Amino acid sequence: MKQIVAIDLHDFSPVNHNIEYLEDLRSHYPNLKITLFMAPFDQQSGKMESVLKHLKFAQYLSDNRDWIEIGIHGFTHQPEEMLRYTQEMVDKMLLATERLYKMLKDEKGINIRVVKGFCAPFWLRNQEVDKALKKRGYWIAINDNVNPEGLPFYKYNWSINEKFPTHLKIVRGHGHVQDVCGNGLVESFTSILDMPTDVEFKFASEVLQ
Ligand SMILES: [Zn+2]
């Protein structure tokens with residue numbers, strides 16, 4: 001039976017995307033699907049970046065929605081932001097995020113495959129976050145052994161810089177867009193290319209636990 005493979009990358013943004021490498025990967029694996037976690041109001045560059053400010057980039061994501069899925073990676077990606085938020089604040093920010101993508105779709109015809117999937121920057125979050133996610137019907141990506149109460153989750157079992165696990169039926173890969181934490185896309189390229197070519201790719205949202 002074919003192995004199922006999902007891969008997620010953190011820190012995707014209009015100014016940190018490595019799209020040329022993603023396309024290179026796709027030329028090796030024409031059926032590639034990938035889930036990219038992006039902060040909707042990303043401030044990692046020191047300026048606020050959003051898809052509204054980068055319409056060509058947004059259009060690219062829309063044009064490539066058959067293989068690119070977008071999840072929510074905190075709101076600004078400031079360290080520990082998800083430790084400070086109350087349930088009400090998370091709820092408001094999720095709503096603002098949903099409106100941002102809806103506005104793109106309704107007013108500009110830019111239809112990004114954005115899913116109700118959330119991952120806290122640096123994996124750091126409080127229980128308030130889970131409550132808000134549950135209320136709004138989100139799933140969560142996690143890295144620990146704690147199953148979030150009542151939330152569907154995606155927990156990776158392959159860091160993309162490690163040897164590809166041929167024994168797993170469902171491989172849930174995880175890395176970063178940029179070379180950080182040892183599992184960046186470019187620095188992990190050789191281990192990713194070790195994947196068999198006949199695997200079946202799924203989005204993270206399709207292999208929830
Ligand atoms: Zn991150």
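**Paired strands, helix H4 and Ile112**

Colleague: Which residue of E2 stands opposite Asp8?

Modeller: Thr35 does. Note that this is a predicted model.

Colleague: What makes E1 and E2 a pair?

Modeller: Pairing takes at least two bridges between the strands. Strand E1 (residues 4–10) and E2 are joined by two bridges. So the requirement is met. The two strands run parallel.

Colleague: How does the chain get from E1 to E2, and what is the hand of the crossover?

Modeller: The route goes through helix H1 (residues 19–28). This β-α-β crossover is right-handed. That name applies because, with the strands pointing away from the viewer, the path from the first strand over the helix to the second runs clockwise.

Colleague: How do you know that E2 also pairs with E3?

Modeller: Count the bridges again. E2 and E3 share five, in the parallel sense. At least two are needed, so they pair. Within this pair, Leu36 stands opposite Ile70 in E3. The chain passes from E2 through H2 to E3, and this β-α-β crossover is right-handed.

Colleague: Why is E2 called mostly covered?

Modeller: Strand E2 covers residues 34–38, and five of its five residues are buried. Ile34, Leu36 and Met38 lie on one side, Thr35 and Phe37 on the other. Both faces are therefore covered.

Colleague: What is the span of H4, and how does it compare with the expected one?

Modeller: H4 (residues 87–108) has 22 residues. From first C-alpha to last it reaches 31 Å, close to the 32 Å expected at 1.5 Å a residue.

Colleague: Which residues of H4 are buried, and what covers them?

Modeller: Val90, Met93, Leu94, Thr97, Tyr101 and Leu104 are buried. The cover includes helix H2 (55–63), strand E3 (68–72), strand E4 (114–118) and helix H5 (127–135). In an α-helix, residues three or four places apart point the same way, because there are 3.6 residues a turn.

Colleague: What follows H4?

Modeller: Gly109 does, with a positive phi near 70°.

Colleague: Where is Ile112, and is it buried or exposed?

Modeller: Ile112 sits in the loop between H4 and E4. Ile112 has 22 C-beta neighbours inside 10 Å. The cut-off is 20 or more, so Ile112 counts as buried.

Colleague: What does Ile112 touch, leaving out residues up to four places away in sequence?

Modeller: Ala58, Leu61, Ser62, Arg65, Ile70, Tyr101 and Leu104. Tyr101 and Leu104 are among the buried residues of H4.

Colleague: How far apart are Ile112 and Asn64?

Modeller: They are 48 residues apart in sequence, and 8.3 Å apart in space, C-alpha to C-alpha.

Terms used: Residues numbered from 1 in each chain as written. Predicted model: local features only at pLDDT ≥ 70, side-chain atom pairs only at ≥ 80, totals over all residues. Helix = DSSP H or I, 4+ residues; strand = E, 2+ residues; numbered from the N terminus. Expected span 1.5 Å × (residues − 1). Buried ≥ 20, exposed ≤ 12 C-beta atoms within 10 Å, placed from the backbone. Contact = placed C-beta atoms within 7 Å.
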